[in-house]
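Let's walk through this one together, starting from a single residue and working outwards. Keep the viewer open as you read.

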Amino acid sequence: MERGEGNSSVLQGPNCTHSEEYKFTTYTVVFSLVFIFGLLANVGALYVFCKLSVKNRLSTIFLIHLAVSDLIFILTLPLRIAFYFSDSTGMQESLPSSTVLHLTLACRFSTFMFYISMYCSIFFLTALSMCRYLVLAGRVRLQNSKACKWAHFLCWGIWVFVVGGNILYLAITSGFSMRAEGCLEPAGKDSWALLYHLNLVVLVICFLLPLTVVLICYSLMIRHILRIRAGQRQRDVALICLVLLIFCLCFLPYHIQRTLHLHYMMQEHMATCQLLATLQKSVVATLCFAAVNSCLDPLLFLFVGHGFKAVINKLIAHVHLSCALENTSLSSTAPAVVQLPLVGEPNTTDRDQASSRELPLSQKSDTDA
């Protein structure tokens, strides 16, 4: 559930009320940018991977599934944007109740897809890191058919685990009759407490465990990288830097903030109004960074995907060649440009040339000699 995404203000006690109007405008702008850039980048990556590059490689298999998981969230972003935009502009007050209900359900569905996309991305990045370590250590070949088959099974297993876990989460919250408002914001202390305990389970299994595996793989990779030639380090160094950047910028702040926020929302007597207001603002920032993950993943495609950069270079070269051929054909078919003299008084040079043309033949031969 998205904490603090429901009403325009949150009441904690009789004298603790703070406005949250700012978040709807922020979400609308950020999610719109993520939708535009993320859609173009991930659709282009899928086209390159599925049509132009080598598909029977381990890294390509994980990157394709990573792009699909990003698109699942990106394609539902217009639903959240419509909800936030209608709330920020006050349109919900004038809309029929049935339309407001549909907008709320659409935003909740988009939130559900966000969790599926985020945790699939975490597990696919973890699997990609393990794959690169095994290849670097010489235990697996990139184009080993048996290894590729197991990679496909692993990817589909990740999908089943994450989607099934989210369905189980909905079943648990529905079974306990968890009350929610707006775009999946819990209502009531019991709802916050249940969500807090569920978050601890998700935090350990779906974030801390994959992060530990990633750190172990990269520690072993760095040891191997230091032993090989510099020309072979670039791809693995890029993978290490980009994946750690995504984890530290997008996933780590979100999970830390979510845990702290749920803890203080469950125990209201421990939090001051100022602390709750700060936590509510941090929800907006960390959620936006988590959404930007869909725009950072394409950097992995560019620097890590086998053949991806070569395909992009070929496409750019093909476009340049097509433009050059088009310009050449236009210049060859265009008529010759004839410059006509301007009507007016001839200058001295023109008069000298005219007088030289009027000289007798004998005299012209003397001057030429």
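Start by clicking on Ile122, and set aside anything up to four places away in sequence: what remains in touch with Ile122 is Cys206, Phe207, Pro210, Phe247, Phe251 and His255. Bear in mind as you look that this is a predicted model. Ile122 sits in helix H3. Its relative accessible area is 0%, so Ile122 counts as buried, the cut-off being under 20%. For another way to see the packing here, go from Ile122 to Val243: the two are 121 residues apart along the chain, yet their C-alpha atoms are separated by 9.6 Å.

Phe251 was on that list of partners, and it's worth a click of its own. With residues up to four places away left out again, Phe251 touches Met118, Ser121, Ile122, Leu125, Phe207, Ile246 and Asn293.

Now zoom out to the nonpolar interior. The largest nonpolar core has 75 residues, and Met118, Phe247, Phe251 and Leu300 are the ones with the most contacts inside it. Which elements give two or more residues to this core? They are H1, helix H2 (58-88), helix H3 (97-136), helix H4 (145-175), helix H5 (189-225), helix H6 (234-266) and helix H7 (273-303). H3 provides the largest share, with 19 residues. There's also a second, separate core of 11 residues, which includes Leu262, Met265, Met266 and Leu276.

Stay with H3 a little longer, and find Tyr115, which is also in that helix. Tyr115 has a relative accessible area of 7%, so it counts as buried. Its C-alpha atom is separated from that of Val163 by 9.1 Å, although the two residues are 48 apart along the chain.

Further along H3 you'll come to a charged residue, Arg132. How many salt bridges does the structure hold? The count is 1, and it is where the side chains of Arg132 and Asp236 meet, at 2.9 Å from N to O. This pair links distant parts of the chain, with Arg132 in helix H3 and Asp236 in helix H6, 104 residues apart. Are these two partners buried or exposed? Arg132 counts as buried because its relative accessibility is 6%. Asp236 is buried too, since its relative accessible area is 3%.

Helix H6 is also the place of Gln257. At 6% relative accessibility, Gln257 counts as buried. Leaving aside its neighbours within four places in sequence, you'll find Gln257 in contact with Leu279, Ser282, Val283 and Thr286.

Time to look at the outside. Trp156 is in helix H4. Its relative accessible area is 54%, so Trp156 counts as exposed, the cut-off being over 50%. Measure from Trp156 to His65 in your viewer and you should get 9.0 Å, C-alpha to C-alpha, for two residues that are 91 apart in sequence.

Next, swing round to helix H1 (residues 21-52), where Leu33 is located. Leu33 counts as partly exposed because its relative accessibility is 45%. Together with Val29, Ile36, Phe37 and Leu40, Leu33 makes a nonpolar surface patch of about 510 Å².

What does the database record add? An unreviewed UniProt entry carries the annotation "transmembrane region" for residues 29-50, 62-85, 112-135, 147-172, 192-216, 237-256 and 284-304. Take a couple of these and check them against the model. Residues 29-50 are 100% helix and 0% strand, with the end C-alpha atoms 31 Å apart. Residues 112-135 are likewise 100% helix and 0% strand, and their end C-alpha atoms lie 35 Å apart.

Finally, pull back to the whole protein. It has 10 helices and 4 strands, and from the N terminus on its elements run β-β-α-α-α-α-β-β-α-α-α-α-α-α. Of its 369 residues, 43% count as buried. The accessible surface comes to about 19800 Å², and 67% of that belongs to carbon and sulfur atoms. As for the contacts between residues at least 6 apart in sequence, 78% join residues at least 24 apart. The Arg132–Asp236 pair, 104 residues apart, is one link of that long-range kind to keep on screen.

Note on methods:
Residues numbered from 1 in each chain as written. Predicted model: local features only at pLDDT ≥ 70, side-chain atom pairs only at ≥ 80, totals over all residues. Heavy atoms only, no water. Patch = residues over 30% accessible without salt bridge, like charges linked within 9 Å, V, L, I, M, F, W, Y side chains within 5 Å. Areas by Shrake-Rupley, 256 points an atom, 1.4 Å probe, with all protein chains shown as cover. Salt bridge = Lys/Arg side-chain N within 4 Å of Asp/Glu carboxyl O. Buried < 20%, exposed > 50% of the residue type's maximum accessible area, 1.4 Å probe, protein only. Core = buried A, V, L, I, M, F, W, Y, C linked by side-chain atoms within 4.5 Å. Contact = heavy atoms within 4.5 Å. UniProt positions renumbered as here; feature names shortened; annotations may be inferred.
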